[in-house]
Structures are given as C-alpha cells and as structure tokens.
Amino acid sequence: MCRPIFSIAAQFVFMPHLQWIFLIALISFSQSVWASNLPIPIFTNNPIEQTESGHVKLSWKVPNSSSSAAPWVFELQKSNDPNFSSAVQLYRGPDLATFLSGLPNGNYFYRVRTSIRGEAHSDWSPTILVKVKHHSLSLALWLFGIGATVFLLTVGIVVQGAVSTSKNQ
C-alpha cells in the first residue's frame, strides 16, 4: 500500500519530536561541513624562533585564501609543553599576527586555528617553538659600564670645552 507524500509530510509536521531530531541532525551536519572546510592557518615564522630580548611577533596566513575579509576568527594558544596539556588562549580575533613581550627564559609552544562564529573550528596548525634566553647579567653590567664610561667622558669633554671657551672671552 502506497501512502501519498502529502500524508507522510503531514505526519512529520505534526510530530514535534521528529522535528527536533531532524533539526539537531541538520545543525550537527552543517557544523561538521563548516569545520571540514575551514582552512588550517600556517605560521609565517620559522618553526623554531629564538629571542634574547623576550619579545616575538607571531604571524600566520591562511593558505589558498583569496579573501582578506573572510569571517574567520583566529585562536592562538601557548603552552610550556609540546602536548598542550596546560594550554592558555592568548588571542582570539581576526588579526593575522600578534606581538608578545615580557617573556621570561624558557621554551614556549604556540599553535593557531580558525573558527567561524565560535561554532566550528579547523584543526590546529603545526606547532612552533619560541626559545627565550636573555643576555647574561654579567654582559648587561659590562655594557652598562661601557655606556657609563662613554657618558662620563662626553660630559668631561663638554665641561672642559665650556671652561676653555669662557677663559678665552
């Protein structure tokens, strides 16, 4: 026995629990489609960055992107271990770079991903490592001593020139 399509559609409309199941399935499917289509950002930095000043600019790009006005939001995470077991979100926004400063000595791992409206996320980018090793205290004191010597010699020359000029007048 064949039932008319209208009869089947009418039953669907009058069965609210089926509507909810259909709606949830549709939303889940659309999110998985969005996530699978989101590009994975790529860092433009070297895979291992080294800094002696405690600051670094991290920048990334979206491969094969023709639109700079895409609705993407980027999430940047930092961790002290490569497994990101204690990851901290540092940035969430549309920019393709961020500047980090005040980093103490140590190794830091970073990764970034794209998302749309916070609902769908791409996979994480390949991780980059930032190694921070500040100059030693002895080098800093030595450079400070050289700077102080040059300053005092300059002040002495200026004072001597001022004294000799005032005697000649």
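This is a guided tour of one protein chain, moving from the whole chain to its strands, its core, its salt bridges and a patch on its surface.

**The whole chain**

Begin with everything shown, and keep in mind throughout that this is a predicted model. The protein chain has three helices and nine strands, and from the N terminus on the elements run α-α-β-β-β-β-β-β-β-β-β-α. If you colour by burial, you will find that buried residues make up 25% of the 169 residues in the chain. The accessible surface comes to about 12000 Å², of which 64% belongs to carbon and sulfur atoms. Among the contacts with a separation of 6 or more, residues 24 or more positions apart account for 61%.

**Strand β7 and its partners**

Select residues 106–116 next, which form strand β7. Nine of the eleven residues in this strand are buried, so β7 is largely enclosed by the rest of the structure.

Now add residues 73–79, which are strand β4: this strand and β7 pair in the antiparallel sense over seven bridges. To see one position in this pairing, show K78, which stands opposite Y110 in β7. Keep Y110 selected and bring in residues 128–132, strand β9, which runs antiparallel to β7 and is joined to it by five bridges. In β9, the bridge partner of Y110 is I128, so that Y110 has K78 as the residue opposite it in one pairing and I128 as its partner in another. The pairing itself can be followed along the backbone, because strands of a sheet pair through backbone hydrogen bonds, either parallel or antiparallel.

Move on to residues 120–121, strand β8, which pairs with β7 in the antiparallel sense over two bridges. Here I116 stands opposite A120 in β8. The two strands form a hairpin with three residues between them, and in the turn you can select R117, which has a positive phi of about 55°.

**A three-stranded open sheet**

For another sheet, select β1, β3 and β6, which form an open sheet in the order β1-β3-β6 with antiparallel pairing. The edge strands are β1 (42–43) and β6 (97–100), each of which pairs on one side only. Between β1 and strand β3 (residues 56–61) there are two bridges, and you can look for I42, which stands opposite K61 in β3.

**The largest nonpolar core**

Next, select F43, L58, W60, L76, L103 and Y110, which, of the 20 residues in the largest nonpolar core, touch the most other members. The elements that give two or more residues to this core are β3, β4, β7 and β9, and the largest share, four residues, comes from β7. As background, in soluble globular proteins nonpolar side chains tend to be buried together.

Centre the view on L103, which lies in the loop between β6 and β7. Is L103 buried or exposed? With a relative accessible area of 7%, L103 is buried. Setting aside residues up to four places away in sequence, L103 touches G54, V56, K78, Y108, Y110, V132 and H134. For V132, which is 29 residues away from L103 along the chain, the C-alpha atoms of the two residues are separated by 7.1 Å.

**A network of salt bridges**

Leave the core and display E75, R92 and R113, which are linked in a network of salt bridges. A search of the whole structure finds two salt bridges. In one of them, the side chains of R92 and E75 meet at 2.7 Å, N to O. R92 lies in strand β5 (residues 88–93) and E75 in strand β4, so this pair ties together parts that are 17 residues apart in sequence. At 40% relative accessibility R92 counts as partly exposed, whereas E75, at 5%, counts as buried.

R113 also forms a salt bridge with E75, and here the closest N and O atoms are 3.1 Å apart. Because R113 lies in strand β7 and E75 in strand β4, the pair ties together parts that are 38 residues apart in sequence. In this pair R113 is buried, and so is E75.

**A nonpolar patch on the surface**

Finish by showing the surface and selecting L139, W142, L143, I146 and V150, which form a nonpolar patch there, with about 480 Å² of accessible area together. One of these residues, I146, lies in helix α3 (residues 137–168), and at 38% relative accessibility I146 counts as partly exposed.

Key. Residues are numbered from 1 along each chain as its sequence is written. This is a predicted model: local features need pLDDT of at least 70, side-chain atom pairs count only at pLDDT 80 or more; totals for chains, interfaces and linings use all residues. Side-chain values use heavy atoms; hydrogens and water are left out. Patches are made of residues with over 30% relative accessible area and no salt bridge: like charges are joined within 9 Å, nonpolar side chains (Val, Leu, Ile, Met, Phe, Trp, Tyr) within 5 Å. Accessible areas come from the Shrake-Rupley method with a 1.4 Å probe; for residues, only the protein chains shown count as cover. A salt bridge is a side-chain nitrogen of Lys or Arg within 4 Å of a carboxyl oxygen of Asp or Glu. Buried means under 20% relative accessible area, exposed over 50%, partly exposed in between (1.4 Å probe, protein chains only). Two strands pair if DSSP finds at least two bridges between them. A nonpolar core is a set of buried Ala, Val, Leu, Ile, Met, Phe, Trp, Tyr and Cys residues joined through side-chain atoms within 4.5 Å. Contact means heavy atoms within 4.5 Å.
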